[in-house]
Amino acid sequence: MEQQRRRLGSLNSALTMCSSGDSSSLPRLKLGVMGLGAIGLDLVKLCGPGADDPALARVDIVAVLVQRPRSAQEREALGLPSSVHLTADVEEWFGAGPYDAVLEVAGHGAVRELGARVLGTGAQLLVTSVGAFADDSLL
């Protein structure tokens, strides 16, 4: 769990910056997530009303865009809360919004394919795949 907290330390800062003020007075943040690898999975487990960290406690994960659907058994084995909506359908994922912010943890291909559309919805886009910033077509 400590390793998860360290990995998400900078993310916590980024989420707090999505709104102004100290985290105890901030409204809930509706977050869409692209990807369910190690970082995405840690995030899903650590966010929500029961979180230890006040900034992460105010984050509601609305939906997670995944490459492939997960069975109930897989979700249970991963420790995913049943309230987290997983979908491999891009239109369904966008339809679950609107999001205040979208966190990309799926690789720079996701930024290339969906980044402009996410920004077009008015959501803030938090990019973790630094390779996206080396792609001239995205700048």
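Leu86 is buried, with a relative accessible area of 15%. In this predicted model, Leu86 belongs to strand 3. Beyond the residues within four places of it in sequence, Leu86 is in contact with Leu36, Val64, Val66, Arg70, Arg75 and Leu80. The C-alpha atoms of Leu86 and Val33 are 9.5 Å apart, although 53 residues separate the two along the chain.

**Strand 3 on either side of Leu86**

Strand 3 covers residues 85–87 and includes Thr87. Thr87 counts as buried because its relative accessibility is 5%, under the 20% limit. Its side chain makes a polar contact of 3.1 Å with the side chain of Glu92. Glu92 also appears among the residues in contact with Thr87 once neighbours within four places in sequence are set aside, together with Val64, Leu65, Val66 and Trp93.

His85 is another residue of strand 3. Is His85 buried or partly exposed? At 30% relative accessibility, His85 counts as partly exposed. With neighbours within four places in sequence left out, the contacts of His85 are Val62, Ala63, Val64 and Glu92. Its C-alpha atom is 8.2 Å from that of Ile61, a residue 24 places away along the chain. Val64 is thus in contact with His85, with Leu86 and with Thr87. Glu92 is in contact with His85 and with Thr87. In a regular strand the side chains alternate between the two faces of the sheet.

**A buried arginine**

Arg75, one of the contacts of Leu86, lies in helix 5, residues 72–78. What is the nearest side chain of opposite charge to Arg75? That side chain is Glu74, 9.0 Å away, and Arg75 is buried yet has no salt bridge. Apart from neighbours within four places in sequence, Arg75 is in contact with Arg70, Leu80, Pro81, Ser82, Val84 and Leu86. Arg70 and Leu80 are also in contact with Leu86.

**Salt bridges**

Side chains of opposite charge can pair when their charged atoms come close. The structure holds 3 salt bridges, listed here with their N to O distances.

| Positive residue | Negative residue | N to O distance |
|---|---|---|
| Arg28 | Asp60 | 2.7 Å |
| Arg68 | Glu74 | 3.0 Å |
| Arg117 | Glu91 | 2.8 Å |

The salt bridge of Asp60 and Arg28 links distant parts of the chain: Asp60 is in strand 2 (residues 59–65), and Arg28 is in the loop between helix 2 (9–17) and strand 1 (29–34), 32 residues apart. Asp60 counts as partly exposed at 25% relative accessibility, and Arg28 counts as partly exposed at 40%.

Glu74, the nearest side chain of opposite charge to Arg75, forms its salt bridge with Arg68. Arg68 is partly exposed at 43% relative accessibility, and Glu74 is partly exposed at 28%.

What does the salt bridge of Arg117 and Glu91 tie together? Arg117 lies in helix 7 and Glu91 in helix 6 (residues 90–95), so the pair ties together parts that are 26 residues apart in sequence. Arg117 is partly exposed, with a relative accessible area of 36%.

**Strands 4 and 5**

Strand 4 (residues 101–104) and strand 5 (residues 124–127) pair in the parallel sense over 4 bridges. The bridge partner of Glu104 in strand 5 is Val127. From strand 4 the chain crosses through helix 7 (residues 108–120) to strand 5, a β-α-β crossover that is right-handed. Helix 7 is also where Arg117 lies.

**Helix 3 and backbone exceptions**

Helix 3 spans residues 38–46, and its buried residues are Gly40, Leu41, Asp42, Leu43, Val44 and Leu46. An α-helix has 3.6 residues a turn, so residues three or four places apart point the same way. Just after helix 3, Gly48 has a positive phi of about 115°.

Most residues other than glycine have a negative phi, and most peptide bonds are trans. Which residues does a cis peptide bond join? Gly97 and Pro98 are joined by a cis peptide bond, with omega about 15°. Pro98 is located in the loop between helix 6 and strand 4.

How values were computed. Residues are numbered from 1 along each chain as its sequence is written. This is a predicted model: local features need pLDDT of at least 70, side-chain atom pairs count only at pLDDT 80 or more; totals for chains, interfaces and linings use all residues. Side-chain values use heavy atoms; hydrogens and water are left out. Two strands pair if DSSP finds at least two bridges between them. Helices (H or I, at least four residues) and strands (E, at least two) are DSSP runs, numbered from the N terminus. A crossover is right-handed if, with the strands pointing away from the viewer, the path from the first strand over the helix to the second runs clockwise. Buried means under 20% relative accessible area, exposed over 50%, partly exposed in between (1.4 Å probe, protein chains only). A polar contact is a pair of N or O atoms within 3.5 Å; within protein, one must be able to donate a hydrogen and the other to accept it, and residues adjacent in sequence count only if both atoms are side-chain atoms. Contact means heavy atoms within 4.5 Å. Lys and Arg count as positive and Asp and Glu as negative; His and the chain ends are not counted. A salt bridge is a side-chain nitrogen of Lys or Arg within 4 Å of a carboxyl oxygen of Asp or Glu.
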